[in-house]
Amino acid sequence: MKHEFHHLQAAHCENGVTTNLLRTIGIDNMTEPLAFGIGSGLFYVQLPFLKINNGPAIAFRTMPGLIFKRTCTSLGIPVFRKKFSSKESAKKYLDECLERGQPVGCQVGVYYLTYFPKEYRFHFNAHNMIVFGKEGDRYLISDPVMETTTSLSDYELERVRFAKGPFAPKGQIYYPKESRIITDDVMKKAIVTGIKRNVNHMIRIPGNIAGVKGIANTGRKIKKWRDKLGPKTAGLYLAQLVRMQEEIGTGGGGFRYIYAAFLQQAHKFHPADELLDISKTFTKAGDIWRNAAVQAAGIYKGRIGSQADYDVMGNYLIEISEIEKEAFKALSKIKWHS
Amino acid sequence: MKKEEIPQDDGALNKLTKEVVYAVDDSGNYTTELSTGWEVKAEALDLAWNEIDQRIANAKQKVINGEASPLLYFMELRLMDPGIVSAYTGFWKWTVKRHMKPSVFKKLPETTLKKYAEAFNVTVEELKTMNVHEA
């Protein structure tokens with residue numbers, strides 16, 4: 001049985017899944033930037049001691065799963081989420097959902113995701129998609145990073161739902177349990193909650209590995225990479241930084257641009273003019289992330305590579321850290337009651 | 001970033017789909033646009049793959065030299081690390097590392113080899129000989 005499902009492409013997978021699932025329960029004014037902002041998606045962390053694909057472990061957004069959870073919770077929408085120990089029960093449960101017309105968010109690994117190009121298939125287990133129907137043996141898939149919907153066979157879907165390794169999805173599915181009427185007032189409150197939480201995560205988090213302090217910290221480390229690691233490994237590390245920054249569709253500090261878009265949309269619900277100015281600041285931060293990526297590419301492609309070039313690279317991050325700190329401070333000062 | 005500045009370069013993802021990018025229009029409002037890719041990003045990915053190919057080649061040479069068992073080669077070929085091999089096979093990480101010694105690998109029973117072969121998506125014969133024919 002095929003159900004009416006409207007696929008919207010997004011820059012980032014979890015934003016997209018969240019937006020599309022909320023739209024299926026009638027929240028038509030949900031957008032990717034709103035989902036990202038209400039879910040407090042903007043983040044930065046470089047985890048010490050940990051290596052991913054033999055490079056530094058850096059994330060530019062919040063932990064997988066949280067954007068959906070926070071956005072729903074802030075809007076007062078109950079969430080259903082379930083992991084499975086057996087492949088059979090995972091499939092059975094999914095089929096039951098689809099039979100009653102319930103589109104389902106799925107966490108999957110991309111290594112065996114057949115429609116992805118080979119170059120993108122690493123053991124990355126925090127990709128998200130919606131399964132919205134079944135035709136014969138084929139599951140109908142809405143992958144938010146794709147322009148159109150696609151499909152996977154029984155076996156293909158099982159393999160990605162039960163990928164192993166870090167963040168193993170264990171067949172995890174999720175969806176909004178029931179709908180609520182979202183008035184402008186509810187949306188307004190959710191937006192404020194999302195912004196306040198993001199302020200805390202970026203400028204009030206203790207330690208110097210996360211938030212704006214984490215960005216500056218990485219910047220200072222980069223300046224030492226050339227001597228400490230040698231040009232080859234330093235280049236690989238920078239390439240990894242760019243790849244983490246440039247997840248699919250988030251090109252050039254893209255998460256910062258999405259956040260800037262969120263603040264513009266927030267302004268429609270909450271006409272505090274500061275929001276528009278701060279939006280511009282995030283655009284600026286995104287632009288410098290972009291410049292930093294270009295500088296990094298110059299180094300890892302061997303066009304440049306002196307210590308001065310590494311210093312420029314590190315200083316970009318230190319500058320970004322300052323700009324984002326000011327932006328979040330300004331957000332923390334907005335008077336919301338009006 | 002302004003809408004006109006959105007890069008439209010070639011990238012690996014372009015074979016599959018264009019990506020959504022957020023940028024500002026002439027009046028400063030955010031909007032989305034499709035992009036075919038960005039050179040900077042494509043180069044980072046290329047570099048990562050060159051490194052992987054190098055690691056695979058090194059692993060193969062080590063196996064040929066008798067310094068490691070084929071498990072090392074297949075681990076690299078499948079972009080895994082001992083932790084991921086352990087997750088797919090159910091063996092402890094230190095067991096996986098031990099099985100990477102040629103002398104230990106030679107004595108492994110068929111059932112153990114089968115588990116590895118399954119995890120690497122090859123046959124037991126291919127696992128032993130490193131002869132894989134893939135499209």
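Q: What pattern does chain B follow along the sequence?
A: This is a predicted model. Read from the start, chain B runs β-β-α-α-α-α-α-α-α. In total that is seven helices and two strands.

Q: Is chain B a compact globule or more spread out?
A: More spread out. Its radius of gyration is 22 Å, and the globule rule gives 14 Å for 135 residues, so chain B is well over that value.

Q: What does the C-alpha trace span along its principal axes?
A: For chain B, about 70 × 30 × 25 Å.

Q: How is chain B divided into domains?
A: Domain 1 covers 3-37 and domain 2 covers 41-129. The C-alpha centres of these two domains of chain B lie 39 Å apart.

Q: And what are the domains of chain A?
A: Domain 1 of chain A comes in two segments, 13-30 and 79-176. Domain 2 of chain A is 184-333. Their C-alpha centres are separated by 29 Å.

Q: What about confidence? What is the mean pLDDT of chain B?
A: It is 93, and 99% of the residues of chain B reach 70 or more. For the model, ipTM is 0.92 and pTM is 0.93.

Q: On to the interface. How many residues of chain B are in contact with chain A?
A: 33 residues of chain B, against 41 residues of chain A.

Q: Which elements of chain B supply at least two residues each to that side?
A: Two strands and two helices: E1 (19-24), E2 (30-35), H1 (39-64) and H3 (82-89). H1(B) gives the most, with nine residues.

Q: What's the split by class on the side of chain B that touches chain A?
A: 23 residues are nonpolar, four are polar and six are charged.

Q: Now the cores. How many residues are in the largest nonpolar core?
A: It has 108 residues. Those with the most contacts inside it are Val131(A), Leu238(A), Val242(A), Ile258(A), Tyr259(A), Ala296(A) and Ala44(B). So the list names residues of both chains A and B.

Q: Which helix gives the most to this core?
A: Helix H7 of chain A, residues 211-245, with 13 residues.

Q: Take Val242(A). What is it in contact with, leaving aside neighbours within four places in sequence?
A: In chain A, Val242(A) contacts Ala293(A), Ala296(A) and Ala297(A). In chain B, the partners of Val242(A) are Val40(B), Lys41(B) and Ala44(B).

Q: Which residues does the second, separate core include?
A: That core has 21 residues, including Met75(B), Ile84(B), Val122(B) and Leu127(B).

Q: Back to chain B on its own. What share of its residues is buried?
A: Buried residues make up 37% of the 135.

Q: Of contacts in chain B between residues at least 6 apart in sequence, how many join residues at least 24 apart?
A: The figure is 45%.

Q: One residue to finish: where is Val96(B) found?
A: In helix H4 of chain B, residues 93-99.

Q: Is Val96(B) buried or exposed?
A: Buried. Val96(B) has 22 other C-beta atoms within 10 Å, and 20 or more counts as buried.

Q: What does Val96(B) touch, not counting residues up to four places away in sequence?
A: Val96(B) touches Pro82(B), Val85(B), Ser86(B) and Phe91(B).

Q: And how far apart are Val96(B) and Gly83(B)?
A: They are 13 residues apart in sequence. In space, the C-alpha to C-alpha distance between Val96(B) and Gly83(B) is 8.8 Å.

Methods
Residues numbered from 1 in each chain as written. Chains lettered and ligands numbered in written order. Predicted model: local features only at pLDDT ≥ 70, side-chain atom pairs only at ≥ 80, totals over all residues. Domains from an automatic or database assignment. pLDDT = per-residue confidence, 0-100. Contact = placed C-beta atoms within 7 Å. Helix = DSSP H or I, 4+ residues; strand = E, 2+ residues; numbered from the N terminus. Nonpolar A, V, L, I, M, F, W, Y, C, P; charged D, E, K, R; others polar. Core = buried A, V, L, I, M, F, W, Y, C linked by C-beta atoms within 7 Å. Buried ≥ 20, exposed ≤ 12 C-beta atoms within 10 Å, placed from the backbone. Rg over C-alpha atoms; globule rule 2.2 N^0.38 Å.
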